Amino acid sequence: YTGEDTLSLHDALPILQDVDLPDGDRVRSWWADAPDANAPLVLLLHGLEGSRDSVYAVETARLCAQRGFGFVVLEFRSCGGVMNRARRTYHSGETGDLDFVVESLTRAAPRRPLFTVGFSLGGNVLLKWLGERGDRAPSQLLAAAAVSPPFDLEMAARRCDERYRGLFARHFLRTMVPKALAKERQYPGCLDANAVRRCRTFAAFDDLATAPLHGFRDARHYWTEASCMRFLPAVRRPTLLVASSDDPLIPAEALPRAAAADSRFLVPHFLDRGGHVGFVEGGAPWSQRRWAERRVVDFFVRHCAGVGVAASS
């Protein structure tokens, strides 16, 4: 598992742009734009508790620079080390902020080609949004990609809670629980702080924090409503799906093979090995390279060519 390893490479995304949201809250976007203001722009959505420093964000930024693309990371509410102002935070099915940001980008540059990629949780957000938008997706959006999205949130949560004695769930809860407690201090009574403090599983956390903060009845209601799986048939933009059967966080049976087979827009790249947002190649550890990010950027380059948009070689 290498999903949320981080690199402290702050120079990779040097420009911060705050985005004021309609509800009075704010999210942060980090830019490494191209010299050509009309060059394609790649918008990246990070995974659970990720940020602009997530290793896949840094690698994608590097590859986009090589191709002459602009690049931006949207940091979800409460991520990146800054607590947000609203009563809510972020979750796997929250697509309103993405919708607002994409509308802002396309309105500011109506002729600029746009691509989007989501990793892990960000992949679920992206796929759900694409399905919700369907044929109404912005015309500037040429293609999208999702790497290791959970597809079925209940299956993924159960896997994280049970496998390796709940190691993965506890890893993420080390930061999720303190943030939920900080939110309760901002908005006293919004959740049961003592109960949240005792959470050791995603099931408990989603029952006690995610659900009450975001208007769901309980964890199962959240998982059902927020999972991207049921939105996949409505996707109407070419979308690359990169996932692995040996993903320790997502069961192989969650991979949407039937949905991909039935869609002319979904492009599955399902492998036997790759882990969760890992996908490395090479022999010795010091010679290994990440390849999923390169596959995603190459996918975007091909769709540039399809509409006559130039990309650097």
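# Cysteines, helix packing and backbone angles

Trainee: Why is the sulfur of Cys64 too far from the closest cysteine sulfur for a bond?

Mentor: The closest cysteine sulfur belongs to Cys304, at 10.0 Å. A disulfide is a pair of cysteine sulfur atoms within 2.5 Å, so the separation of 10.0 Å is too far for a bond. This is a predicted model, in which local features need pLDDT of at least 70 and side-chain atom pairs count only at pLDDT 80 or more, while totals for chains, interfaces and linings use all residues. Residues are numbered from 1 along each chain as its sequence is written, and side-chain values use heavy atoms, with hydrogens and water left out.

Trainee: What rules out a bond for Cys228?

Mentor: The closest cysteine sulfur to that of Cys228 is in Cys160, 15 Å away, which is too far. A search of the whole structure finds zero disulfides.

Trainee: What makes Cys64 and Cys228 count as buried or exposed?

Mentor: Buried means a relative accessible area under 20%, exposed over 50%, and partly exposed in between (1.4 Å probe, protein chains only). Cys64 has a value of 0% and is therefore buried; Cys228, also at 0%, counts as buried.

Trainee: Why is α4 called oblique to α8?

Mentor: Helices are DSSP runs (H or I, at least four residues; strands are E, at least two), numbered from the N terminus. Axes are lines fitted to C-alpha atoms, for helices over the stretch in contact, with angles from 0 to 180 degrees between N-to-C directions. The axes of α4 (residues 153–162) and α8 (residues 219–226) come within 8 Å and cross at roughly 130°. Angles under 35 degrees count as roughly parallel, over 145 as roughly antiparallel, 65 to 115 as roughly perpendicular and the rest as oblique; therefore α4 is oblique to α8. The contact (heavy atoms within 4.5 Å) includes Leu153 of α4 and Trp223 of α8.

Trainee: What makes α7 roughly perpendicular to α8?

Mentor: Helix α7 (residues 202–214) packs against α8 at about 85°, with the axes 8 Å apart, so α7 is roughly perpendicular to α8. Among the residues in contact are Asp206 of α7 and Tyr222 of α8.

Trainee: What is notable about phi in Phe279?

Mentor: Most residues other than glycine have a negative phi. Phe279 has a positive phi of about 50° although it is not a glycine. Phe279 lies in the loop between β8 (266–271) and β9 (280–281), and at 1% relative accessibility it counts as buried. Tyr164, another residue other than glycine, has a positive phi near 50° and sits in the loop between α4 and α5 (167–186).
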